[in-house]
Amino acid sequence: MFEVYPDIFLIKEEGALGAAKPPENIYVIAGSNGIIYDAGYGTKKDIKHVFKELKEIEEYYKAQNKDFRLTRILPSHSHPDHFSGLNRLRDSLGLKTILTKKMADVIRDKESFYKSFDADDFEDYLRIRNKVKRKIRNFFRLLGSKLFYQHMYGVSFLDDPDEIIEENSDILINGETWKIFPSPGHCKDHISLYNEQKGILFSGDNVLRSITTWLGPPESNINDYITSIEQFKKLPNLKLILTAHGSPIENPHERLDEILKHRKEREQQVLNIIHKHSERGISPKGIIKTIYANESRFLHTVARGWVVLTLKKLENNNQIKRQVTKNKILFFPV
Ligand SMILES: [Zn+2]
């Protein structure tokens, strides 16, 4: 454990398999009525690690004769690296689980959860596919993700949260008021936590220190994402961002500006590529290959997310047009 700020502790969960299971941050706002922000992974090994770290924090408090009692746990959003540990942590530590209505709707059971990341419509936007092949592929893909999340993430669902909280509300933690507010973009039900007096923002997946937040269908929305980042910029007294992956950000405004600039540049890059191919058009695959010329196939697959969202955005803004022929999808400038 690591005290990132007086009475705020970071517990790091290990990752595995590169980007498939990223290292995850769980935060403990410690005190007499403390809270855990983000539940992390739920495998036995991951939970054991969290317990061990919590024990250390408890002993550190005991040694100082200070109160240490955790009462609640609140995830930042309904992605499995953030909620899989909820059940086990609740049961073993006797915590109350707090969710927003939107999160509760996603993580209440297997069906709602897997439905929440069905991106079939978006696949159609980029690729012409044989219906039978698609069905077979989707079947195996779903089976694969079920097995993967079960074994690697220890995912478990929760249909009886102890408290449903409004997306825009105040929460009292150790006698201090923290603001919970919606910050959609990366996904629809993302919330952030802010304490103005301390200037501390828990940004979840929205702001990361050195990597770009994943954006992709069906959950993400680029316009919402930009609005959320702009909203962070307006937080009075913002001094420190505590992220869900990676280390804390001590220069929040600089990082937020970088993120806004990066999104703008990415959009311009896609537009430029399409303009370069104004005569014959360019396929989505062609666009991705141009942007990530020397990168792995895995990265190409990951990048499809933001590329499709950007293409849709440009098309909605009437800056590009999409042309579908019998076996090809091509993009042209307007
Ligand atoms: Zn996420």
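This passage looks at how the two domains of the chain meet, and then at the surroundings of one residue, Leu193.

The model is a predicted one. Its chain splits into domain 1, made up of residues 2–113 + 154–250, and domain 2, which covers 266–333. Between the C-alpha centres of domain 1 and domain 2 there is a distance of 34 Å.

As for where the domains meet, 10 residues on the domain 1 side are in contact with 8 residues of domain 2. Interface size is often quoted as the accessible area that is lost when the parts come together. Here, domain 1 and domain 2 bury about 620 Å² between them, and carbon and sulfur atoms account for 76% of that. On the side of domain 1 that touches domain 2, the residues break down into 6 nonpolar and 4 polar, with no charged ones. The count of salt bridges across the interface of domain 1 and domain 2 comes out at 0. Polar contacts do turn up across this interface, with 2 residue pairs found, both at pLDDT 80 or more.

Turning to Leu193, this residue sits in strand β10, which runs over residues 191–195. Leu193 counts as buried because its relative accessibility is 1%, well within the cut-off of under 20%. Leaving aside residues up to four places away in sequence, Leu193 touches Ile29, Tyr37, Leu74, Ile171, Trp178, Lys179, Ile180, Phe181, Ile200, Leu201 and Phe202. Lys285, by contrast, is 92 residues away from Leu193 along the chain, and 38 Å separates their C-alpha atoms.

Note on methods:
Residues numbered from 1 in each chain as written. Predicted model: local features only at pLDDT ≥ 70, side-chain atom pairs only at ≥ 80, totals over all residues. Heavy atoms only, no water. Domains from an automatic or database assignment. Contact = heavy atoms within 4.5 Å. Buried area = accessible area lost by both parts, 1.4 Å probe. Salt bridge = Lys/Arg side-chain N within 4 Å of Asp/Glu carboxyl O. Polar contact = N/O pair within 3.5 Å; in protein donor to acceptor, adjacent residues only side chain to side chain. Nonpolar A, V, L, I, M, F, W, Y, C, P; charged D, E, K, R; others polar. Helix = DSSP H or I, 4+ residues; strand = E, 2+ residues; numbered from the N terminus. Buried < 20%, exposed > 50% of the residue type's maximum accessible area, 1.4 Å probe, protein only.
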